[in-house]
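Welcome! Please take a moment with the sequence and the 3D view below, and then let us walk through them together.

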Amino acid sequence: MPHSHDRQAGADNTYAAVFDAVRRIPAGRVTTYGRIARLIGRPRAARQVGYAMHRCPSGLPWHRVINAQGRISLPAASTAALAQRRRLEEEGVVFIGGKVDLDRFGWPDRD
DNA sequence: CGGTTGACTTTCG
DNA sequence: GCGAAAGCCAACC
């Protein structure tokens, strides 16, 4: 383990923790950057989760991560945003007015 | 080493 | 319900 005078898990573990949390999201569910930040013990580091998403490895279900408003956090016209929405819809996630109802599709949530 | 940046969140008008 | 502003924190240059 790292020395305790350092911050919590250590910066090197941050990305791994974020990626691991994202991999735990089941298909057909979504979560928010802030929720992941909280899961890895950094409730205020939501932006860094987004940053980690930009650097995410292939095979990671990054499309299941959206913002707290239930909206895709990318320019609506961008290729990535369109791909994200399409993938989520393929998994059964419903967009209403361009937004996802986090109360129904959010994770963690009821089973 | 220090200012900028950004796939965020929350609050206010 | 929406847009603007402020707050936060690590990566980048």
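## A question to begin

Does Asn67 count as buried or exposed? Asn67 has a relative accessibility of 15%, and the cut-off for buried is under 20%, so Asn67 counts as buried. Bear in mind as you read on that this is a predicted model.

Where does Asn67 sit along the chain? You will find Asn67 in the loop between β2 and α4, the helix of residues 79-90. Its side chain reaches the backbone nitrogen of Gln69 at 3.0 Å. Not counting residues up to four places away in sequence, Asn67 touches Thr32, Tyr33, Ile72, Ser73 and Leu102. Asn67 will also turn up again in the section on the DNA, as one of the residues that come nearest to DNA strand B.

## The overall layout

Let us step back to the whole protein chain. Chain A has 5 helices and 4 strands. Read from the N terminus on, its elements follow the order α-β-α-α-β-α-β-β-α.

Chain A has 111 residues, and buried residues make up 39% of them. Now take the contacts between residues at least 6 apart in sequence: 64% of these join residues at least 24 apart.

## How confident is the model?

The mean pLDDT of chain A is 87, and 86% of its residues reach 70 or more. Confidence is lowest in α1, at a mean of 83, and highest in strand β2 (residues 65-66), at 97. Over residues 2-11 the pLDDT is below 50, and this stretch has 6 contacts in the model beyond near neighbours in sequence. Where pLDDT is low, the predicted coordinates should not be read in detail.

## Meeting the DNA

Which residues come nearest to DNA strand B? Of the 14 residues around this strand, they are Gln48, Trp62, Asn67, Ala68 and Ser73. By class, the surface near DNA strand B has 6 nonpolar, 7 polar and 1 charged residues. On the DNA side, 43% of the strand B atoms within 4 Å of the protein belong to sugar or phosphate, and the rest belong to bases.

Some individual atom pairs are worth finding in the viewer. A polar side-chain atom of Gln48 is 2.5 Å from a base nitrogen of DNA strand B, and a polar side-chain atom of Arg47 is 3.0 Å from a base nitrogen of that strand. Gly34 uses its backbone instead: one of its polar backbone atoms is 3.1 Å from a phosphate oxygen of DNA strand B. The elements that give two or more residues to this surface are α2 (33-39) and α3 (46-54). Of the elements, α3 gives the most, with 6 residues.

## Two nonpolar cores

The largest nonpolar core has 15 residues, and those that touch the most other members are Val18, Phe19, Val22, Ile36, Val49, Met53 and Val65. Helices α1 (11-23), α2 and α3 each give two or more residues to this core. The most come from α1, with 4 residues.

For a closer look, try Val49: leaving out residues up to four places away in sequence, Val49 touches Val18, Tyr33, Ile36 and Ala37. Apart from the largest core lies another, of 10 residues, including Ile72, Ala81, Leu88 and Phe95.

## Three more places to visit

Trp62, one of the residues that come nearest to DNA strand B, is found in the loop between α3 and β2. Its relative accessible area is 22%, so Trp62 is partly exposed. Leaving aside neighbours within four places in sequence, Trp62 is in contact with Val22, Met53, Cys56, Ala80, Gln84 and Arg87. Trp62 and Gln84 are 22 residues apart in sequence, with their C-alpha atoms 8.2 Å apart in space.

Next, visit Glu90 in helix α4. Glu90 has a relative accessibility of 64% and therefore counts as exposed. The C-alpha atoms of Glu90 and Ala27 are separated by 9.6 Å, although these residues are 63 apart along the chain. Finally, look at Pro108, in the segment after α5 (102-105). A cis peptide bond, with omega about 0°, joins Trp107 and Pro108. Most peptide bonds are trans.

Methods:
Residues are numbered from 1 along each chain as its sequence is written. Chains are lettered from A and ligands numbered from 1 in the order in which they are written. This is a predicted model: local features need pLDDT of at least 70, side-chain atom pairs count only at pLDDT 80 or more; totals for chains, interfaces and linings use all residues. Side-chain values use heavy atoms; hydrogens and water are left out. A residue is near a molecule or strand if one of its heavy atoms lies within 4 Å of it. A polar contact is a pair of N or O atoms within 3.5 Å; within protein, one must be able to donate a hydrogen and the other to accept it, and residues adjacent in sequence count only if both atoms are side-chain atoms. Ala, Val, Leu, Ile, Met, Phe, Trp, Tyr, Cys and Pro count as nonpolar, Asp, Glu, Lys and Arg as charged, and the others, Gly among them, as polar. A nonpolar core is a set of buried Ala, Val, Leu, Ile, Met, Phe, Trp, Tyr and Cys residues joined through side-chain atoms within 4.5 Å. Buried means under 20% relative accessible area, exposed over 50%, partly exposed in between (1.4 Å probe, protein chains only). Contact means heavy atoms within 4.5 Å. pLDDT is the predictor's confidence in each residue, from 0 to 100.
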